[in-house]
Amino acid sequence: MYAFTYHRPGSARQAAGLLAKKEDAKILAGGHTLLPTMKQRLASPTALIDLGACGDLKGIVRKGRTVVIGAMSTHAEVAESAIVQEAIPGLAYLASHIGDPHVRHRGTIGGSVANNDPAADYPAACLALGATIVTNQRKIEADAFFTGLYETALEEGEIITRVVFPVVSKAGYAKFRNPASRYALVGVFVAKRGSDIRVAVTGAGEGGVFRWPEAEAALKARFAPKSLDGLKASAEGINADMHADADYRAHLIGVMTKQAVAQATGK
Amino acid sequence: MATVSMSVNGKAVTGSIDPRTLLVQFLRDDLRLTGTHVGCDTSQCGACVVHVDGKAVKACTVLAVSLEGASVTTIEGLAVNGMLHPMQEAFREHHGLQCGFCTPGMIMSAVDIVNRRGNDLDEKVIREDLDGNICRCTGYHNIVKAVAAGAEAMGGQSMDQKEPPRQAAE
């Protein structure tokens, strides 16, 4: 790891001030991607701005028909939150299956969303649930937020402060994970909000998380696993690596979507 | 250099450290608490697991400087007055180790599982929650037995009472 200066602001506003002042600074949230990346010298920020003491970035609350999750909420906090479990159980389930227990005690939703790893779990939930990513400057719809591999709509100096999830009538998540890294080989989040059906796929796309319109259309007729019978995802634009080729991943998209719908409908 | 103060195994410690110092380096190199091991150094193997504010974390993936005011428990902090902690005793009794390299992390994770899930643990829960700890000797069988027995022996007593978790601000 290369040397850096360390800063520990007490609020998101102070953090933004530091971020604007320090050249080549990086935000440190849970650190479970950034620190390993720095150890490998793939990242070498000259300053780290740790959000760990920003109390205004913590906490999970229910606000009307939404659940608002502070960016520094850990995966364990989301998984164990009575509010999330009651309002969007599929989201609590997703959080409870990220990494391992130790990772979940440190990793944060804000860090995961900002990093937009193509195999991370949260981007699928954000996209399928139609979440709004709130920063210190503006609100960004999930549809416009995830723009490519590790790329997001975040501008220089922008910090995610919270993620707002609409409470949907049904939601479920299924992932076929890589047993070593515990990232998704393929993960599918499905959500039904009135007549609006969304299916978001992570782990599979060459450009990161994406929606699967054919499955959404099929589930519109009836929101049940059976509606997906015979539906196959195209292997075009799907990742291929030593863990799974594109055809296998495409096949898994169908299987995981069915499992996610089954979970969402309690079948 | 940066200054950091925290409590380690109930004792107040202050260090003047390079901000790059990982918690596991601070524990091993500065405090000479070498029971916490470095295995993979990539947050996968779990040999470096310690408790921070009552929660198990991988000490190879936490900056020591970020733990100002925190309460840390390492494997050295479990035994009381020379008496092994029930979980340590269970690992000995059930031969939950061979080379022993992963054992400190296994035991810290096991105590964390009991703190989160209570004393009556079935095999499935234990195996799932030991997901972040890798052992290359035992095949896990005796480790799982040891964790179940240790959990029972802990009898509803959280052994981390001296480090109440900090409340997340709402």
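Two strands pair if DSSP finds at least two bridges between them. Strands (E, at least two residues) and helices (H or I, at least four) are DSSP runs, numbered from the N terminus. This is a predicted model, in which local features need pLDDT of at least 70 and side-chain atom pairs count only at pLDDT 80 or more, while totals for chains, interfaces and linings use all residues. Residues are numbered from 1 along each chain as its sequence is written, and chains are lettered from A and ligands numbered from 1 in the order in which they are written.

**First stop: a hairpin in chain A**

Select residues 170–177 of chain A, which are strand β11. Then add residues 184–193 of chain A, strand β12; eight bridges join β11(A) to β12(A), and the two run antiparallel. Within this pair, A:Ala174 stands opposite A:Val188 of β12(A). The two strands form a hairpin with six residues between them. In the turn, A:Arg182 has a positive phi of about 65 degrees.

Is β11(A) mostly covered or mostly uncovered? Six of its eight residues are buried, and the strand is mostly covered. Here a residue is buried if 20 or more other C-beta atoms lie within 10 Å of its own, exposed if 12 or fewer, and partly exposed in between, with C-beta atoms placed from the backbone.

**Second stop: the nonpolar cores**

Keep A:Val188 selected and add A:Phe189: these two have the most contacts inside the largest nonpolar core, which has 88 residues. Such a core is a set of buried Ala, Val, Leu, Ile, Met, Phe, Trp, Tyr and Cys residues joined through C-beta atoms within 7 Å. The core lies between domain 1 (5–53) and domain 2 (58–265) of chain A, because both give residues to it. The domain bounds come from an automatic or database domain assignment.

To see the surroundings of A:Phe189, select the residues that it touches, among them A:Leu94, A:Ala124, A:Tyr173 and A:Ala260; residues up to four places away in sequence are not counted. Contact means that the C-beta atoms of two residues, placed from the backbone, lie within 7 Å. Apart from the largest core lies another, of 51 residues, including B:Phe26, B:Met106, B:Val147 and B:Met154.

**Third stop: chain A as a whole**

Display the whole of chain A, which has eleven helices and 14 strands. Its C-alpha atoms fill a box of roughly 55 × 45 × 30 Å along the principal axes. Buried residues make up 51% of its 267 residues.

**Fourth stop: the contact between the chains**

Show both chains together. The contact takes 23 residues from chain B and 21 residues from chain A. On the side of chain B that touches chain A, the largest share, four residues, comes from β4(B).

**Fifth stop: the domains of chain B**

Now display chain B alone. It has five helices and five strands, arranged along the sequence as β-β-α-β-β-β-α-α-α-α. Of its 170 residues, 50% count as buried, and its C-alpha atoms fill a box of roughly 45 × 35 × 35 Å along the principal axes.

Colour residues 2–75 and 86–154 of chain B separately; these are domain 1 and domain 2 in the domain assignment. Their C-alpha centres lie 21 Å apart. How many residues of domain 1 of chain B are in contact with domain 2 of chain B? There are 16, in contact with twelve residues of domain 2. On the domain 1 side, β3 (49–52) and β4 (55–58) of chain B each supply at least two residues, and the largest share, three residues, comes from β3(B).

**Sixth stop: helix α2 of chain B**

Select residues 86–93 of chain B, helix α2, where B:Pro86, B:Met87, B:Gln88, B:Ala90 and B:Phe91 are buried. Add residues 103–117 and 141–154 of chain B: the buried residues of α2(B) pack against these helices, α3 and α5. After α2(B) comes B:His95, whose phi is positive, near 50 degrees.

**Last stop: B:Cys40**

Finally, select B:Cys40, in the loop between α1 (23–30) and β3 of chain B. Why does B:Cys40 count as partly exposed? The reason is that B:Cys40 has 13 C-beta neighbours inside 10 Å. Add B:His51 to the selection: B:Cys40 and B:His51 are eleven residues apart in sequence and 19 Å apart in space, C-alpha to C-alpha.
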